[in-house]
Amino acid sequence: MSRHVAETAHRLIPSPGGRIHLVEQGTGPLVLLVHGFPESWYSWRHQLPVLAAAGYRAVAIDVRGYGRSSKPTATDAYRMLDLVEDNVAVVHALGEESAVVIGHDWGATIAANSALLRPEVFRAVGLLSVPYTPRGGPRPSELFARMGGDEEFYVSYFQEPGRAEAEMEPDVRGWLAGFYAALSADTMPAPGAPDPHFVGRKGGTLRDRFPVGRQPAWLSDEELDVYAGEFERTGMTGALARYRNMDRDWEDLADFDGAPITQPSLFIGGGLDTSTTWLADAIKAYPVTLPGLVDSHLLDDCGHWIQQERAAEVNRLLTDWLAALPV
């Protein structure tokens with residue numbers, strides 16, 4: 001049953017890395033929302049009031065290194081183990097023993113590992129856009145280096161400190177606009193166009209392949225200003241640090257090689273999102289890797305920014321799933 005929804009409240013919560021900024025709305029069972037790259041708590045602006053109206057305490061964080069959360073200087077302060085403990089610290093600082101955790105993009109990977117590593121805290125997990133892929137295989141940097149042939153995969157490009165910052169920071173707003181457009185269903189490059197996930201090896205940039213003068217329907221100028229304003233203030237290094245810890249994560253999580261997540265789970269992906277098409281085998285493996293899976297959905301004609309591109313549909317799927325979870 002819907003109820004009166006209180007206004008959003010901003011808070012700063014002590015965490016192992018300093019402080020985590022969060023925005024909360026509503027009362028009831030805690031639902032922790034974790035964003036991806038390059039976003040902030042603001043990517044959940046369409047979900048906060050709906051979850052609150054459905055009877056949940058909806059809390060969207062700025063991940064360490066983003067927005068108003070702390071930004072440690074050491075690159076290795078952004079390893080997955082630390083981000084999981086940030087999530088645990090938020091739950092406990094809010095006076096709760098447990099929460100449902102839902103993530104998008106990198107946030108989906110953080111949410112998945114939160115559920116894997118701290119099942120006593122995270123009783124269910126929702127994954128948006130990026131499927132769960134258990135730890136395994138070769139060292140990530142070696143795998144990504146082999147991708148692309150004569151081109152360089154964007155993850156490898158992001159891993160070298162300072163390199164991607166030099167592309168992004170002179171025009172943060174323009175870069176973000178292009179990146180959001182490149183991965184949105186209504187503005188992404190046509191099939192056969194140069195792939196914006198790769199960089200030409202002779203001095204190329206990601207931006208070379210972004211759509212020009214095209215803004216996705218889900219993103220207004222005012223909304224873009226919010227995102228740009230945060231990164232213009234903070235810079236991009238904290239956000240990019242996640243990519244620079246993938247080998248450390250691979251080492252840290254060695255004891256969890258191939259481990260399934262057994263809590264009740266949900267997956268929602270975009271039919272036009274490369275995160276779901278490239279990782280189609282991971283989705284097929286869900287009976288083994290996510291044995292507690294309740295629902296899995298691929299939204300036709302949807303890109304990567306799923307909870308913003310298709311807010312109403314995602315909200316319905318989230319609230320239906322949450323309502324069916326055991327209390």
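# Chatting through a predicted protein model

Me: With 327 residues, what radius of gyration does the protein chain have, and what would a compact globule have?
Reply: This is a predicted model, so let's begin with its overall dimensions. For 327 residues, a compact globule would come out near 20 Å. The protein chain agrees with that, its radius of gyration being 19 Å.

Me: What box do the C-alpha atoms fill along the principal axes?
Reply: Take the principal axes of the protein chain as the frame. Along them, the C-alpha atoms fill a box of roughly 55 × 45 × 40 Å.

Me: How many helices and strands are there in the protein chain?
Reply: Both kinds of element turn up in the protein chain. The tally is 15 helices and 10 strands.

Me: What share of the 327 residues counts as buried?
Reply: The cut-off here is a relative accessible area under 20%. Applied to the 327 residues of the protein chain, that gives a buried share of 56%.

Me: How much area does the protein chain expose, and what part of it comes from carbon and sulfur atoms?
Reply: The exposed area of the protein chain is about 13200 Å². As for carbon and sulfur atoms, their part of that area is 53%.

Me: Among contacts between residues at least 6 apart in sequence, what percentage joins residues at least 24 apart?
Reply: Start from the contacts in the protein chain whose partners are at least 6 apart in sequence. Now keep those with partners at least 24 apart, and the percentage is 76%.

Me: How far apart are the centres of the positive and negative side chains?
Reply: The protein chain carries 28 positive side chains and 44 negative ones. Take the centre of each set, and the separation is 2 Å.

Me: Which strand pairs with β1, and in what sense?
Reply: Strand β1 covers residues 9-15, and its seven bridges go to a strand at residues 18-25. A hairpin of two residues makes the connection between them, and P14 stands opposite R19. The partner is β2, and the sense is antiparallel.

Me: Which residue in β4 is the bridge partner of E24?
Reply: β2 and β4 run antiparallel, with four bridges joining them. β2 is also mostly covered, as six of its eight residues are buried. For E24, the bridge partner in β4 is V59.

Me: What is the omega of the peptide bond between F37 and P38?
Reply: Most peptide bonds are trans. The bond joining F37 and P38 is cis, and P38 lies in the loop between β3 (30-34) and α1 (48-53). Its omega is about -15 degrees.

Me: What phi does D105 have, and is D105 buried or exposed?
Reply: Most residues other than glycine have a negative phi. D105 is not a glycine, yet its phi is positive, at about 60 degrees. You'll find D105 in the loop between β5 (99-104) and α3 (106-117). With a relative accessible area of 10%, D105 is buried.

Me: What about the phi of S129?
Reply: S129 sits in the loop between β6 (122-128) and α4 (140-145). Its relative accessible area is 0%, so S129 is buried. S129 isn't a glycine either, and its phi is positive, at about 80 degrees.

Me: Why does S156 count as buried?
Reply: S156 has its place in helix α5 (residues 154-159). Leaving aside neighbours within four places in sequence, S156 is in contact with F144 and A145. Buried means under 20%, so S156 makes the cut because its relative accessibility is 15%.

Me: What is the relative accessibility of L206?
Reply: L206 lies in the loop between β8 (198-200) and α8 (221-234). Not counting residues up to four places away in sequence, L206 touches several others, including Y154, Y157, F158 and W175. L206 counts as buried, and its relative accessibility is 0%.

Me: How far is L206 from N315 in space?
Reply: Along the chain, L206 and N315 are 109 residues apart. Between their C-alpha atoms, the separation is 32 Å.

Me: Which residues does T75 touch beyond four places in sequence?
Reply: T75 lies in the loop between β4 (57-61) and α2 (80-93). T75 is partly exposed, with a relative accessible area of 32%. Setting aside residues up to four places away, T75 touches R244, N245 and R248.

Me: What is the C-alpha to C-alpha distance between T75 and R173?
Reply: In sequence, T75 and R173 are 98 residues apart. In space, C-alpha to C-alpha, the distance is 24 Å.

How values were computed
Residues are numbered from 1 along each chain as its sequence is written. This is a predicted model: local features need pLDDT of at least 70, side-chain atom pairs count only at pLDDT 80 or more; totals for chains, interfaces and linings use all residues. Side-chain values use heavy atoms; hydrogens and water are left out. The radius of gyration is taken over C-alpha atoms; the globule rule is 2.2 Å times the number of residues to the power 0.38. Buried means under 20% relative accessible area, exposed over 50%, partly exposed in between (1.4 Å probe, protein chains only). Contact means heavy atoms within 4.5 Å. Accessible areas come from the Shrake-Rupley method with a 1.4 Å probe; for residues, only the protein chains shown count as cover. Lys and Arg count as positive and Asp and Glu as negative; His and the chain ends are not counted. The place of a charge is taken as NZ of Lys, CZ of Arg, CG of Asp or CD of Glu. Two strands pair if DSSP finds at least two bridges between them.
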